[in-house]
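Work through the following exercises with the sequence and the structure side by side, and try each task before reading its solution.

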Amino acid sequence: MWNKDKYQEWKKKRIWYDVRNVLSYNAFYNFIIGMRNSGKTYSFKVKVVDRFLTDGSKFVWVRRRVIEKDETVRDFFESIANDSYLVGKWGEMKFENRGSNLYINGEHCGQVVALAQQQTKKSADYTRHNWIVFDEFISEDSTKGAYLPNEVEKMHNLVLTVQRWQTDVKVFFLGNSVKFNNPYMNYFRIKPFASGIRHLKKKNVLVQMYFNKYMIDKMKNSEFGKLVEGSSYFEYAILNQFKDNDNTFIEKKPNNALYYCSMLYEGQYFSFYKDYAEDKMYTVRNNVEDKQKLYVLTKENHDIDYMLVKNIIN
């Protein structure tokens with residue numbers, strides 16, 4: 001007989017990631033952020049294979065750049081080929097890839113795409129591709145080119161292209177706890193939180209901060225955990241703390257700070273205020289107070305109401 005209490009206890013002690021909690025919210029955009037090596041990618045690979053074999057539902061697996069796409073296509077099925085759940089339910093399966101397309105038992109089940117090539121995929125056939133999974137959507141690169149120009153808009157365009165073929169599309173973003181300050185969290189104005197799930201019902205956007213105590217204990221007691229204990233890498237990779245979790249240079253804007261100017265950047269407005277008494281400049285994400293002092297940095301955002309900044313002099 002099924003025992004709810006025993007199930008809940010098992011669920012708490014489960015080491016690897018389980019997709020079912022997020023799926024129960026039936027959200028449109030789902031951001032799953034958490035510890036590295038916790039099984040997020042593995043669990044979603046198992047799920048997309050199981051869904052295809054159950055009812056023929058296909059998927060689009062997204063990586064940011066072409067080189068990442070090529071690597072993903074090459075070994076997409078390798079880690080799950082002998083998964084006990086899939087083999088127990090479906091028996092022996094034949095996995096293969098042809099170009100960017102993936103096949104199970106000779107039937108097309110999905111495709112891997114590079115977001116950088118999204119513009120060239122507008123005419124692609126996405127019939128029955130009702131799950132989109134963007135793996136490693138949070139970049140670990142700290143350079144200026146970590147994300148694509150206007151990346152969130154490019155992702156929206158891809159979703160819109162896929163959704164053109166059906167109405168039941170769900171989008172999943174998988175990422176490690178690298179930097180909470182990224183284009184996606186900024187776009188939806190998600191404020192940092194430690195663990196659990198937040199569901200923005202109005203937009204039907206879900207954010208899960210995945211935290212697993214038992215996984216952390218296992219990693220802390222491993223040889224690798226002992227090796228890096230006490231380092232910033234230990235805090236990020238094992239304790240699930242964001243690298244940019246730092247309140248340095250963050251404080252409330254005083255009332256006596258005067259409006260200086262505003263800037264439009266990647267679809268968001270940032271206003272600058274100067275506290276002349278303390279000689280401090282504050283940046284606030286809000287509406288523009290004076291359009292005569294509104295600037296843009298790129299030609300893509302430039303129109304009759306904005307002034308384009310061509311040169312910056314220190």
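Two strands are said to pair if DSSP finds at least two bridges between them. The model used here is predicted.

**Exercise 1.** Determine which strands form the edges of the open sheet of five strands, and how β13 is joined to β14.

*Solution.* Begin with the strand order, which reads β12-β11-β10-β13-β14 in this open sheet, where the pairing is mixed. Next, look for strands that pair on one side only: these are β12, residues 280-285, and β14, residues 307-308, and they are the edge strands. Then turn to β13, residues 294-296, which runs parallel to β14 and is paired with β14 over two bridges. As a landmark for this pairing, Y295 is found opposite M307 of β14.

**Exercise 2.** Establish whether strand β2 is largely enclosed or open, and which strands pair with β2.

*Solution.* Take the cut-off for buried as under 20% relative accessible area. By this criterion six of the six residues of β2, which spans residues 58-63, are buried, and the strand is therefore largely enclosed by the rest of the structure. Now separate the two faces: K58, V60 and V62 point one way, whereas F59, W61 and R63 point the other way, and all of them are buried.

Finally, identify the partners. With β6, residues 129-135, strand β2 pairs in the parallel sense over five bridges, and K58 stands opposite H129 of β6. With β5, residues 107-114, β2 again makes a parallel pairing over five bridges, and here F59 lies opposite G110 of β5.

Note on methods:
Residues numbered from 1 in each chain as written. Predicted model: local features only at pLDDT ≥ 70, side-chain atom pairs only at ≥ 80, totals over all residues. Heavy atoms only, no water. Helix = DSSP H or I, 4+ residues; strand = E, 2+ residues; numbered from the N terminus. Buried < 20%, exposed > 50% of the residue type's maximum accessible area, 1.4 Å probe, protein only.
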